[in-house]
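Student: Got a minute to go through this one with me? I'd like to start with pockets.

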Amino acid sequence: MKDVHVKLENVYKSFGPKHILRGINLDIQRGEIIYIIGKSGSGKSVTLKNITGLMRPDNGRILIDGYDIHNVDDNMLNEIRQKMGVLFQMAALFDSMPVFENVAFAPRRFTKMGEEEIKNLVRGKLELVGLKGVENLNPSALSGGMQKRVGLARAIALDPETVLYDEPTTGVDPILGAAVDDLISSLNAKTGVTSIVISHDMTSVFRTAHRIAMLYDGVFRLVGT
């Protein structure tokens, strides 16, 4: 039997009269790379926000390892969220912090690591995404592709079980896009992390995805390899 890590059951979400999700169902297997595709405004980002608990569905359930994340107390929700990492569309780094502090943000806040442990962790995560010697640079000194890599290093700082990517290749050239795809694949191979990716970039989808889920008119019309 396959190990279902994230399960969406009959999830609905509307904003006033606008119906975005009309009863979506999806099983995401542990350790897979699944891409969610669909036209702009189809509900892809809304789906991610419901999975992370940033939005609450009007109806339906979202289960992560069997826990209904919208029916648990705040402590349990925070515990579940700490097992997630998010790479935002434009990296969303803290401009006022150097790279080191960006990657160290979650370990400082949510663990009791000492300074030397944090230093080793940050260096290790940056090396994992192919960056060395950038710890003291500010985000403004980095290219768009490097910012994406730092954003991914920050997203995996707490060794999450799930990483969610919102349009990871948007705003980068095809060569950097291919490098981002390689990062997603290599991170999955090295750590076994479950990867949920939103993308319009079909080249990336066919290069990287284990499965594809097509969202159209509020439901997943096709899910498969």
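Tutor: Sure. First, what counts: a pocket is an open set of grid points with protein on both sides within 12 Å along at least five of seven lines. Keep in mind that this is a predicted model.

Student: OK, what volume does the largest pocket have?
Tutor: About 790 Å³.

Student: And which residues lie nearest its centre?
Tutor: Arg81, Met84, Gly85, Val86 and Phe88, out of 23 lining residues. The lining divides into 13 nonpolar, five polar and five charged residues.

Student: Which helices and strands each supply at least two residues of that lining?
Tutor: On the helix side, H1 (44-52), H2 (74-81), H3 (99-110) and H5 (144-155). Strands S6 (84-87) and S7 (162-166) do so too.

Student: You mentioned H3 and H5. At what angle do they pack?
Tutor: About 25°, with their axes 8 Å apart. Angles under 35 degrees count as roughly parallel, so H3 is roughly parallel to H5.

Student: Which residues meet there?
Tutor: Val99, Asn102 and Val103 from H3 meet Val150, Ala153 and Arg154 from H5. That contact has four nonpolar residues, one polar and one charged.

Student: Switching to sheets: what's the strand order in the open one?
Tutor: S2-S1-S4-S5, four strands with antiparallel pairing. S2 (18-29) and S5 (67-68) are at the edges with a single partner strand each, so one side of each has no neighbour in the sheet.

Student: How many bridges pair S4 and S5?
Tutor: Two. Leu63 stands opposite Asp68 in S5.

Student: Last one: which strands does H1 lie across?
Tutor: S1 (4-15), S2 and S4, and H1 runs at about 120° to S1.

Key. Residues are numbered from 1 along each chain as its sequence is written. This is a predicted model: local features need pLDDT of at least 70, side-chain atom pairs count only at pLDDT 80 or more; totals for chains, interfaces and linings use all residues. Side-chain values use heavy atoms; hydrogens and water are left out. On a 1 Å grid over the protein atoms alone, a cavity is a set of points where a 1.4 Å probe fits but cannot get out, and a pocket is an open set with protein on both sides within 12 Å along at least five of seven lines; lining residues have an atom within 4 Å of a point. Grid points are joined across faces, edges and corners, and a volume is the space filled by probe spheres set on the points. Ala, Val, Leu, Ile, Met, Phe, Trp, Tyr, Cys and Pro count as nonpolar, Asp, Glu, Lys and Arg as charged, and the others, Gly among them, as polar. Two strands pair if DSSP finds at least two bridges between them. Contact means heavy atoms within 4.5 Å. Axes are lines fitted to C-alpha atoms, for helices over the stretch in contact, and angles run from 0 to 180 degrees between N-to-C directions. Angles under 35 degrees count as roughly parallel, over 145 as roughly antiparallel, 65 to 115 as roughly perpendicular and the rest as oblique.
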